[in-house]
Amino acid sequence: MQVPYLSFDAQNALIREQVLAAMAAVFDSKWYILGNYLRSFEEAYAAFSNTKYCVGVGNGFDALQIALKALVIGPGDEVIVPSHTFIATWLAVSAVGANIVPVEPDERTYNITAETIRKVITSRTKAIIPVHLYGQACDMAAIMSLAAEFNLQVIEDNAQAQGATFKGRPTGSFGNLNATSFYPVKNLGALGDAGALTTDSPELAEKARFLQNYGSSQKYHHEVLGVNSRLDELQAAILSQKLPWLNKWNEERQAIAGRYQAHLSNLPDLVLPVVAPGATHVYHIFMIRTPRRDALQKYLAGKGIGTAIHYPIPPHRQKAYAYLGFAPEDFPIANLISATGLSLPLWPGLTQEKTDYICTEIINFFNQL
């Protein structure tokens, strides 16, 4: 049996006609940037996120960078980020000239916590970027309380957790200005690069709109130094067709994760995802951990099962960040996750037969040791 790590087949089949019709409508409209399809999607995604405003941008990295700029964070300021995350979180801080302050995640949930954040706050700290990693919500109540105590800005990195909640409230609705990505593999994915910002602040929403459109609210009039990062009409129309399916697709992801948990919970030397109290997990990624990761990945590949590693090299060990002077052994939890984590196939349409096959082969691998 062949099981790819990722497949769009089932999702695309469900919405093929609607998406193609939406694409044709954009084509026929002859208006491709900053039009009605974008405004409609922004309104829908703001409502989905339980926020007042949404600003569509070109991608998730730009969303983070624009959020930092809108909050006037720059050289000399410190921004707290996870030691274990996709490097875009760090790169956005670098892009505005601020100083990266990494903190280790909880070893069970892989999310940073208020307890670890508190330890690194200084007089120069200006912001926290909690990442809802792999699809699980951070403890935003504690993080927002800490931010209020120290007068810090919060930017949620919600690229992997659209539809997740903490104590019933959607991720992407807690921070001052929050970023997400609609890269095709995300739970809500476009057919190309795309992203957005969410906020309850009219002032921050307006600043984000200036920044994402050359710093301009009126053509050829530029109030601030902006960038060109606009969610185009085509991607907005496509996302509008997919958004109504997101909760259903997330529920399917959770059901698949439940089958993995049921079958694999008693294996020695295998760590499964843990969901924190108050949080929900929408399983953008289902990552297991084992010291035999590389051997297991090779074994599964031999059985036709695709897997992935998120992420094999932590940001502090990347050549791009050698100038920060971190030692390779710094951030041991990030190092442990990168050395032992293996992401299993998990996508809407993954059948019970294929899930059972994956679990059977993982059990066979450990039984032969």
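The exercises below concern salt bridges and selected residues in a predicted model.

**Exercise 1**

Find which residue forms a salt bridge with R124, and work out where the two partners sit and whether each is buried or partly exposed.

Solution.
- Step 1. The structure holds 6 salt bridges. One of them pairs R124 with E78, and their closest N and O atoms are 3.2 Å apart.
- Step 2. R124 belongs to the loop between α5 (114-118) and β4 (125-128), whereas E78 belongs to strand β2 (residues 78-82). The pair links distant parts of the chain, 46 residues apart.
- Step 3. Buried means under 20% relative accessible area. E78 has 9%, so E78 is buried. R124 has a relative accessibility of 43% and counts as partly exposed.

**Exercise 2**

List the residues that E78 touches, not counting residues up to four places away in sequence.

Solution.
- Step 1. Start from the position of E78, which is strand β2.
- Step 2. With residues up to four places away in sequence left out, E78 touches N99, V101, T122, R124, T125, K126 and A127.
- Step 3. Compare this list with the salt bridge: R124 is among the residues touched by E78, and R124 is also the salt-bridge partner of E78.

**Exercise 3**

Two further salt bridges involve R118 and D269. For each, name the partner, the N to O distance and the parts of the chain that are linked.

Solution.
- Step 1. The side chain of R118 meets that of E149 in a salt bridge, at 2.9 Å from N to O. R118 is in helix α5 and E149 in helix α6 (residues 140-150), so this pair links distant parts of the chain, 31 residues apart. R118 is partly exposed, at 40% relative accessible area.
- Step 2. The side chain of D269 meets that of R292, with an N to O distance of 2.7 Å. D269 lies in the loop between α9 (246-264) and β12 (286-289), and R292 lies in the loop between β12 and α10 (293-302), so the bridge ties together parts that are 23 residues apart in sequence.
- Step 3. The relative accessible area is 42% for D269, which is partly exposed. R292 counts as partly exposed too, at 32%.

**Exercise 4**

Locate K186, state what UniProt lists for this residue, and decide whether K186 is buried or exposed.

Solution.
- Step 1. An unreviewed UniProt entry lists K186 under "modified residue: N6-(pyridoxal phosphate)lysine".
- Step 2. K186 has its place in the loop between β8 (178-181) and β9 (195-199).
- Step 3. The relative accessible area of K186 is 15%, so K186 is buried.
- Step 4. Leaving out residues up to four places away in sequence, K186 touches A159, Q160, Q162, S181 and H284.

**Exercise 5**

Describe the surroundings of T116: its element, its exposure and its contacts.

Solution.
- Step 1. Helix α5 contains T116. At 21% relative accessibility, T116 counts as partly exposed; the limit for buried is under 20%.
- Step 2. Apart from neighbours within four places in sequence, T116 is in contact with V103 and E104.
- Step 3. T116 and V103 are 13 residues apart in sequence, and their C-alpha atoms are 6.5 Å apart in space.
- Step 4. A polar atom of the T116 side chain lies 3.0 Å from the backbone oxygen of T113.

Key. Residues numbered from 1 in each chain as written. Predicted model: local features only at pLDDT ≥ 70, side-chain atom pairs only at ≥ 80, totals over all residues. Heavy atoms only, no water. Salt bridge = Lys/Arg side-chain N within 4 Å of Asp/Glu carboxyl O. Helix = DSSP H or I, 4+ residues; strand = E, 2+ residues; numbered from the N terminus. Buried < 20%, exposed > 50% of the residue type's maximum accessible area, 1.4 Å probe, protein only. UniProt positions renumbered as here; feature names shortened; annotations may be inferred. Contact = heavy atoms within 4.5 Å. Polar contact = N/O pair within 3.5 Å; in protein donor to acceptor, adjacent residues only side chain to side chain.
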